[in-house]
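Me: I'd like to talk through a structure with you. Let's take the aromatic residues before anything else.

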Amino acid sequence: MTRPPHAVVVPFPAQGHVTPLMHFAKLLAARGFFITFINTEWTEQRIFKPPNDSAAVSAELQRKGLQIRFLSLPDGLPPHHPRVLAIDEYFLAMHKLAPAMVRLLESAADRAPPITCIVTDCFVACTHQVATQLAVPRVVFWTYCSSAAIALANSRLLLDKGYIPINVKEARLPENLITCLPGKIPPLRPTDLVTFFRVQDASDSMFQLVLYESDMQNKADYALINVFEELEGPEAAEGLSKGYPALPIGPVFLPEFLEGDESSSVNIATSLLKENLDCLKWLDAQAPSSVLYVAFGSIAVVSMVQLQELALGLEASQQPFLWVVRPDIAEGKSAVLPKGFAERVRGRGLLVEWAPQLKVLSHPSVGGFFTHNGWNSTSESISMGVPMIGWPLWAEQFHNCRFCKEIWKIGMDLESRVEDVNVLVKREEVEKVVRALMTGPQGIELRKNAAKLKEAATKAVLPGGSSYRNLDKFTQDMTARANA
């Protein structure tokens with residue numbers, strides 16, 4: 001009798017990482033894997049809300065034929081620590097979790113098949129120690145696209161060649177284009193690299209932490225990338241290989257979405273914030289492709305002054321919009337919009353604290369996405385055929401924004417923000433770019449290009465597609481190992 005593979009899945013404890021790893025875990029479970037999904041206790045308290053605790057969700061998944069259990073461990077930080085908003089302290093805490101993770105898995109070993117592999121988020125370096133101690137393969141799951149992942153995995157090379165720390169003011173000089181990276185990816189500008197390298201001193205704590213993460217990203221036995229091959233070409237994923245398989249298997253959310261299987265009882269990975277479903281009824285009343293969806297993710301913050309300029313730009317554009325305004329978006333304070341704004345845009349604009357993003361992006365009324373260009377949001381927008389305006393804030397989001405604009409031809413940006421993330425974008429620039437995307441000839445062209453990529457993404461994840469075949473290969477390799 002064939003023994004099922006057992007994958008231990010470990011996301012970095014932030015929504016943009018928990019979400020794709022949960023989708024991937026469900027894909028593996030649907031192919032016969034037994035899954036142990038490890039959260040920190042802080043994350044678990046936010047994704048499992050009464051009455052759906054982890055045991056109830058696991059039972060519901062089992063009724064669907066998916067063998068997924070959830071384990072959790074403390075992250076070692078006090079309850080009121082800001083976590084991602086103090087990112088260097090968060091990384092340091094995560095680096096210390098290996099012994100506790102090993103003890104957790106050993107204590108639960110009698111309730112599961114032998115572990116076949118550790119599927120680790122690309123930003124959980126401590127899993128290298130865990131996989132070594134348990135003597136199982138370490139599968140690095142990239143929550144970036146291939147080209148951004150290649151740049152990060154080669155941070156030591158970029159340091160040796162003087163591209164980092166980044167001199168932002170000189171980033172656009174032709175002589176500073178980065179052409180030394182593997183994978184036949186387009187030349188990169190230094191400003192395409194993660195923003196943690198935009199410091200003046202290489203001894204900066206976050207700079208050094210990212211270098212260490214880069215070292216650990218390369219200590220893998222397998223690599224999987226949340227992207228589809230047709231977006232970046234077949235050679236791109238190979239640029240992540242250090243003699244082991246590196247396979248594009250994304251977008252990992254898309255198979256479940258295409259099946260229409262998004263019941264709230266098991267769709268836990270997107271429930272860190274409470275969604276406003278009433279916005280879908282509002283969208284139903286709007287004209288096709290007329291609405292601009294505005295959302296900057298779960299942790300992004302902007303200044304109060306910037307929030308007001310953005311609001312006035314949206315108002316002046318005269319375009320319908322659905323805007324996600326988190327309560328803490330204004331540098332952690334309660335958002336204050338311009339006086340009379342809500343009344344002036346009533347009927348044309350709708351403000352919500354959180355939205356069911358996939359349902360919004362797939363709605364026929366939505367014709368554009370004003371986004372922070374996190375990879376999840378970018379991948380979802382590509383998969384739904386929606387062109388973008390990029391407002392990148394940190395990490396690899398500037399890379400995604402430029403590639404949407406210049407490489408994939410499905411996006412626009414705000415020129416003033418490329419070199420200075422702290423610049424105040426004026427309402428006039430917001431109005432201009434929104435009008436261009438929603439009503440101008442450039443927007444029409446971007447929409448056509450986005451529709452083509454939507455078709456390619458869909459084909460990739462369906463039986464016979466590139467991502468489907470690559471996931472087959474991974475499944476077969478791990479099944480063979482489980483039964484060796």
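Reply: One definition is needed to begin with: rings of Phe, Tyr and Trp, the last by its six-membered ring, pair if their centres lie within 6.5 Å, and planes under 30 degrees apart count as stacked, over 60 as edge-to-face and the rest as tilted. Please also keep in mind that this is a predicted model.

Me: OK, so which residues form one aromatic cluster?

Reply: Phe12, Tyr90, Phe91, Phe123, Trp142 and Tyr144 form one such cluster.

Me: And how many aromatic pairs are there in the whole structure?

Reply: A search of the whole structure gives 21 aromatic pairs. One of the pairs is formed by phenylalanine 12 and phenylalanine 91, whose rings are 5.1 Å apart centre to centre with 35° between the planes, which makes the pair tilted.

Me: Where do phenylalanine 12 and phenylalanine 91 lie?

Reply: Phenylalanine 12 lies in the loop between strand 1 (6-10) and helix 1 (15-30), while phenylalanine 91 belongs to helix 4 (residues 87-95), so the pair ties together parts that are 79 residues apart in sequence.

Me: Is phenylalanine 12 buried or exposed? Same for phenylalanine 91, buried or exposed?

Reply: Phenylalanine 12 counts as buried, because its relative accessibility is 4%, and phenylalanine 91 is buried as well, with a relative accessible area of 5%. Tryptophan 142 and tyrosine 144 also form a tilted pair, at 6.5 Å centre to centre and 45° between the planes; tryptophan 142 is buried at 2% relative accessibility, and tyrosine 144 is buried at 5%.

Me: Switching topic: which rings have the charged end of an arginine over them?

Reply: The charged end of arginine 31 sits over the ring of tyrosine 468, 4.6 Å from its centre, and that of arginine 198 sits over the ring of phenylalanine 398, 4.3 Å from its centre.

Me: What about helix 14, how many of its residues are buried?

Reply: In helix 14, 10 of the 14 residues are buried, so this helix is largely enclosed by the rest of the structure. Among the buried residues are Gln306, Leu307, Glu309 and Leu310.

Me: What do the buried residues of helix 14 pack against?

Reply: They pack against strand 8 (291-295), strand 9 (321-324), helix 15 (341-345), strand 11 (366-371) and helix 19 (427-439). Just after helix 14, glutamine 318 takes a positive phi of about 65°.

Me: Last one: which residues does the UniProt domain annotation cover?

Reply: The unreviewed UniProt entry annotates residues 8-148 as "domain: Glycosyltransferase N-terminal". Over residues 8-148 the chain is 45% helix and 19% strand, with the end C-alpha atoms 25 Å apart.

Terms used:
Residues are numbered from 1 along each chain as its sequence is written. This is a predicted model: local features need pLDDT of at least 70, side-chain atom pairs count only at pLDDT 80 or more; totals for chains, interfaces and linings use all residues. Side-chain values use heavy atoms; hydrogens and water are left out. Buried means under 20% relative accessible area, exposed over 50%, partly exposed in between (1.4 Å probe, protein chains only). Helices (H or I, at least four residues) and strands (E, at least two) are DSSP runs, numbered from the N terminus. Contact means heavy atoms within 4.5 Å. UniProt positions are given in the numbering used here, feature names are shortened, and annotations may be inferred rather than shown by experiment. A charge sits over a ring if NZ of Lys or CZ of Arg is within 6 Å of the ring centre and within 35 degrees of the ring normal.
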